[in-house]
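Here are my notes on the model you sent, set out as numbered points. Please read them with the coordinates open.

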Amino acid sequence: TISLEIGDFHPAFWLPICWSLGAVLGCIAAFLQKNNLLRFAVYATILIIFFRLLGYENRIPNFDQYSPVFNTRFLVFIIGALAFGVILLLLNKNKDNLLKDELKIIQPSLFLGINLLLFWLLSSEIIDYFRAKLSHLSSLERRAQLRHFDNLRNTALSVGWTFYAITLLVMGIFKKSISSRFLAIFLFGVVILKVFLFDTANLNSFYRFISYITLGLILLLTGYLYYRFRGRITQFIKGE
């Protein structure tokens, strides 16, 4: 009923917001009532929210009204990711009330879902920022500036992905989360491949230099963090 009311009288972006809030409330109610069926309904809702965000809310219909960060896409993605995070906390807090192997399946799924949403949001904001800049130019200016904006966009993506990976790594070290660290290492691998296979071939010398320097500095910082907190990481791996 709420979805129908929103569809008839309110902007469509309110749908995933309400679904996210409903999923959190449903998860709380499921644990209070010890209702497994309701909890699995929450999982189904999470899946619907996830594909709704990536498939529909990711689009920017009008770049004339687009503002980086301060837009409805950013709002709904952040609320969705926060809702997933709250549900993950509730599952960890009430893991004794879960079915066998339920947490082993749902926990990594939610973790990956949260990070995919945030990573997708970061990439989309960077790409659409430059698309919006281009859309405000005349046809002649757009053709003249297209290469320049492509260089800026690709460099910004490499830098943004690298900082996202380093953020994950720092969180993994301080929270002793092996999942965060492994995902950070995977993203570093993606950035390295992008820099050497794509940026090298497509960027001009200046932007290629920025990509290399940024990646080198971040990798040096990563190595320092692993060296600085190697004791903490070793203890976590050994289960101490």
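1. Is Cys27 buried or exposed? In this predicted model, Cys27 has a relative accessible area of 0% and is therefore buried, the limit for that class being under 20%. Cys18, by contrast, has a relative accessible area of 29% and so counts as partly exposed, a class that runs from 20% to 50%.

2. On the question of cross-links, a disulfide is a covalent bond between the sulfur atoms of two cysteines. With a cut-off of 2.5 Å between cysteine sulfur atoms, the count for this model comes to zero disulfides.

3. The largest nonpolar core holds 29 residues, and those that touch the most other members are Ile46, Phe77, Phe84, Ile87, Leu91, Leu110 and Leu117. Two or more residues of this core are given by each of the elements α2, α3, α4 and α5, with α4 supplying the largest share, nine residues.

4. Ile87 is a convenient place from which to inspect that core, being one of the residues that touch the most other members. When its neighbours within four places in sequence are left aside, Ile87 is in contact with Ala23, Val24, Cys27, Val42, Ile46 and Leu110, and the list thus includes the buried cysteine Cys27. Apart from the largest core lies another one, of 23 residues, and among its members are Ile126, Leu157, Tyr164 and Leu215.

5. Ser158, which lies in helix α6 (residues 139–174), deserves a separate look. Its relative accessibility is 3%, and because buried means under 20%, Ser158 counts as buried. The side chain of Ser158 makes a polar contact with the side chain of Lys194, at 2.8 Å. Beyond its neighbours within four places in sequence, Ser158 is in contact with Val191, Lys194, Val195, Asp199 and Ser211.

6. Two backbone angles should be checked by eye, given that most residues other than glycine have a negative phi. Lys34, although not a glycine, has a positive phi of about 55 degrees, and this residue is found in the loop between α2 (14–33) and α3 (36–57). With 69% relative accessibility, Lys34 is over the 50% limit and therefore counts as exposed.

7. The other such angle belongs to Asp101, a residue other than glycine whose phi is positive, near 65 degrees. Asp101 is found in the loop between α4 (72–93) and α5 (102–135), and its relative accessible area of 38% lies between the 20% and 50% limits, so Asp101 is partly exposed.

Notes. Residues numbered from 1 in each chain as written. Predicted model: local features only at pLDDT ≥ 70, side-chain atom pairs only at ≥ 80, totals over all residues. Heavy atoms only, no water. Helix = DSSP H or I, 4+ residues; strand = E, 2+ residues; numbered from the N terminus. Buried < 20%, exposed > 50% of the residue type's maximum accessible area, 1.4 Å probe, protein only. Core = buried A, V, L, I, M, F, W, Y, C linked by side-chain atoms within 4.5 Å. Contact = heavy atoms within 4.5 Å. Polar contact = N/O pair within 3.5 Å; in protein donor to acceptor, adjacent residues only side chain to side chain.
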